[in-house]
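Reader: I should like to examine how the descriptors of this structure are justified. Please set each value against its definition.

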Amino acid sequence: MTPRRGSTAGLSRYDRVALDAAAQIIAGYSTSFGWASRLLGEPVRTHVRSIYALVRVADEIVDDPDPRLTPLLRAEQLDGFEQETIRALRTGRSADLVIHAFALAARPHGIGEDLVGPFFTAMRRDLTYREHTQASLDDYVHGSAEVVGLMCLRVFVDGDPEAFERLRPGARRLGAAFQKVNFLRDLADDGELLGRTYFPGVTPGTFTDEQRDVLLDDIDADLAAAAVIPALPSSSRRAVGATHDLYRALADRLRTVPATDIARRRIRVPDAQKACILCRALIGRHR
């Protein structure tokens, strides 16, 4: 069997420590993603975790509520993080363990500045935007979510350009759907803790059931891009299906919760339901 171009065989001790660091970040920050990522085959699982670790650190730079982190300091940290990431894409090495792990995933699979640049641009907008127009939201969703989905797709298809282009539209829409569900779930926290609203014209204090349903109708249309999942390689199909179904369950739950409750607290899918979804994916029963 021809090894995947991102194979982790023959790595140095430093490489392995970097990959372990990325895995620890995922374990510490994202329970649902951590569970779903276990359904990925190797080396896909390792590389996807490394991508999300970089995303998680960048997100933490802009979202950590520590008042000592001024907007200027956050901007300086984000700029430095981006510059070091671009440097690692070019050289294959970084003294930052998370960036080094990301480079190990990115370079063999053709993940370059065309995807990394829009991501950091979106992160930088979180430092300045408090309310979005529809145009600025579309740009933000593209950079913060769609391109992350495309990075993962590069790994899923092992850098195959034909497969990447064929599956690109579906991957973008799934990424957008996941991000929009996050925005709706986190409406209360984003407004109260971060002073941000992502959906134009939607604020926690005035959020209505009608607005909730309009947003969820849009999310449902994006989640319909799940039709792309059966076309994914077997090494990623179950995990992406499970992730889709976790977000589908959250969207369904949000539709049953009054808008006033969504505006006050973070809505969750119970752990027992998450476990059932993951078990279905494990035995190949994506809905």
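Reader: What makes a charge positive or negative here, and how far apart are the mean positions of the two kinds?

Author: Lys and Arg count as positive, Asp and Glu as negative, with His and the chain ends not counted. Each charge is placed at NZ of Lys, CZ of Arg, CG of Asp or CD of Glu. On that basis the chain holds 39 positive and 39 negative charges, whose mean positions lie 6 Å apart.

Author: This is a predicted model, in which local features need pLDDT of at least 70, side-chain atom pairs count only at pLDDT 80 or more, and totals for chains, interfaces and linings use all residues. Residues are numbered from 1 along each chain as its sequence is written, and side-chain values use heavy atoms, leaving out hydrogens and water.

Reader: How do you know which helix has the lowest confidence?

Author: pLDDT is the predictor's confidence in each residue, from 0 to 100. Its mean is lowest in helix 2 (residues 31–37), at 79, and highest in helix 5 (residues 97–109), at 98. The chain as a whole has a mean of 92.

Reader: What does the secondary structure come to?

Author: Helices are DSSP runs of H or I with at least four residues, and strands are runs of E with at least two. By this rule the chain has 13 helices and zero strands.

Reader: Why does the radius of gyration agree with a compact globule?

Author: The radius is taken over C-alpha atoms, and the globule rule is 2.2 Å times the number of residues to the power 0.38. For 287 residues the rule gives a value near 19 Å; the chain has 19 Å, and therefore agrees.
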